[in-house]
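These are my notebook entries on a structure that I looked up item by item. Each entry records one topic and what I found for it.

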Amino acid sequence: MSDLTTTFADAVSTPESPSAREIRFQALIGKYMNDLFRYAYWLVHDRAVAEDLVQETMLRAWKSMDRLQKPEAAKGWLITILRRENARRFERFQPQFSALPTEALADGHRDYDTSTEAFVLRNAIAELPEDYREPLLLQVIHGYSQKEIAAELGISVAGAGTRLFRARKKLRALVAS
């Protein structure tokens, strides 16, 4: 039996002193700290947030350590606490609502883009065959879904997808040349 298992088994079967509880907690954290941090970093992709998550996990683990009955389940228990702490970050987020009406948020700029890139792109789109240009404009400019494009043009959904794919491919070739 490992030292950690022995420590847990002894603590569960007998009343525990504060120093024994701290020793048991230190053994637990010492064994799984690196795994906890790696998992937290994998979840959030931010070192500072991952460190905060691990700290919150350790705090919750300390508070509820008496509930852990099986020492061999300690890693899974800690990972579950960490995952729930991460979920709590989003529960705490309260978006601020604005008094502005939705219509006021629309882009008021209707200027014609005179940049070289816009000129090249407009010319490339104009050179696309009609079968490819129309579905592309329906999707990009008007925001139609592939299913809506298919209904509008009287073709299958797969056909609309194929035309969109080919249109983007031809457009890339025209812009690159």
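Entry 1. I began with Glu-85 and Arg-88, which sit three residues apart in helix H4 and are therefore separated by about one helical turn. The model is a predicted one. I found that the side chains of Glu-85 and Arg-88 meet in a salt bridge, with 2.7 Å from N to O. Is Glu-85 buried or exposed? Glu-85 has a relative accessible area of 1%, so I noted it as buried. Arg-88 has a relative accessible area of 23% and is partly exposed.

Entry 2. I then asked which residues are joined into one network by salt bridges that share partners. The network consists of Asp-35, Arg-38 and Lys-75. Within it I looked up the bridge between Lys-75 and Asp-35, where the closest N and O atoms are 3.3 Å apart. Lys-75 belongs to helix H4 (residues 74-92) and Asp-35 to helix H2, so this pair ties together parts that are 40 residues apart in sequence. I recorded Lys-75 as partly exposed, because its relative accessible area is 37%.

Entry 3. I turned to a salt bridge between Glu-51 and Arg-47, whose closest N and O atoms are 3.5 Å apart. Both residues lie in helix H3, four residues apart, which is about one turn of the helix. Arg-47 is exposed at a relative accessible area of 52%, whereas Glu-51 is partly exposed at 36%. How many salt bridges does a search of the whole structure find? I noted seven salt bridges for the whole structure.

Entry 4. I next stepped back to the overall architecture. The chain holds eight helices and zero strands. Read from the N terminus, I wrote its elements down as α-α-α-α-α-α-α-α. The chain has 177 residues, of which 25% count as buried.

Entry 5. I moved on to aromatic rings. A pair of such rings is described by the distance of the centres and the angle of the planes. My search of the whole structure gave three aromatic pairs. One of them is formed by Phe-25 and Trp-62, with 5.1 Å centre to centre and 80° between the planes, and it is edge-to-face. This pair links distant parts of the chain, since Phe-25 is in helix H2 (residues 18-44) and Trp-62 is in helix H3 (residues 47-63), 37 residues apart. Which accessibility class does Phe-25 fall into? Phe-25 counts as buried because its relative accessibility is 9%, while Trp-62 counts as partly exposed at 30%.

Entry 6. I then looked up the pair formed by Phe-37 and Tyr-41, which is stacked, with 6.1 Å centre to centre and 25° between the planes. Phe-37 and Tyr-41 both lie in helix H2, four residues apart, or about one turn of the helix. Tyr-41 has 38% relative accessibility and so counts as partly exposed.

Entry 7. I looked at the backbone of the loop between H2 and H3, where His-45 is found. Most residues other than glycine have a negative phi. His-45 is not a glycine, yet I noted a positive phi of about 55° for it. His-45 counts as exposed because its relative accessibility is 62%.

Entry 8. I turned to the surface and asked which residues form a positive patch. The positive patch is formed by Arg-166, Arg-168, Lys-169, Lys-170 and Arg-172. I placed Arg-166 in helix H8 (residues 157-176). With 43% relative accessibility, Arg-166 counts as partly exposed.

Entry 9. I closed with a nonpolar surface patch of about 320 Å², made by Phe-119, Val-120, Leu-121 and Val-175. Which helix contributes the largest share of the nonpolar patch? Helix H5 (residues 116-127) does, with three residues. Val-120 lies in helix H5, and I recorded Val-120 as partly exposed because its relative accessible area is 35%.

Note on methods:
Residues numbered from 1 in each chain as written. Predicted model: local features only at pLDDT ≥ 70, side-chain atom pairs only at ≥ 80, totals over all residues. Heavy atoms only, no water. Phe/Tyr/Trp six-rings, centres within 6.5 Å; stacked < 30°, edge-to-face > 60°. Helix = DSSP H or I, 4+ residues; strand = E, 2+ residues; numbered from the N terminus. Buried < 20%, exposed > 50% of the residue type's maximum accessible area, 1.4 Å probe, protein only. Patch = residues over 30% accessible without salt bridge, like charges linked within 9 Å, V, L, I, M, F, W, Y side chains within 5 Å. Areas by Shrake-Rupley, 256 points an atom, 1.4 Å probe, with all protein chains shown as cover. Salt bridge = Lys/Arg side-chain N within 4 Å of Asp/Glu carboxyl O. Lys, Arg positive; Asp, Glu negative; His and termini not counted. Charge placed at Lys NZ, Arg CZ, Asp CG, Glu CD.
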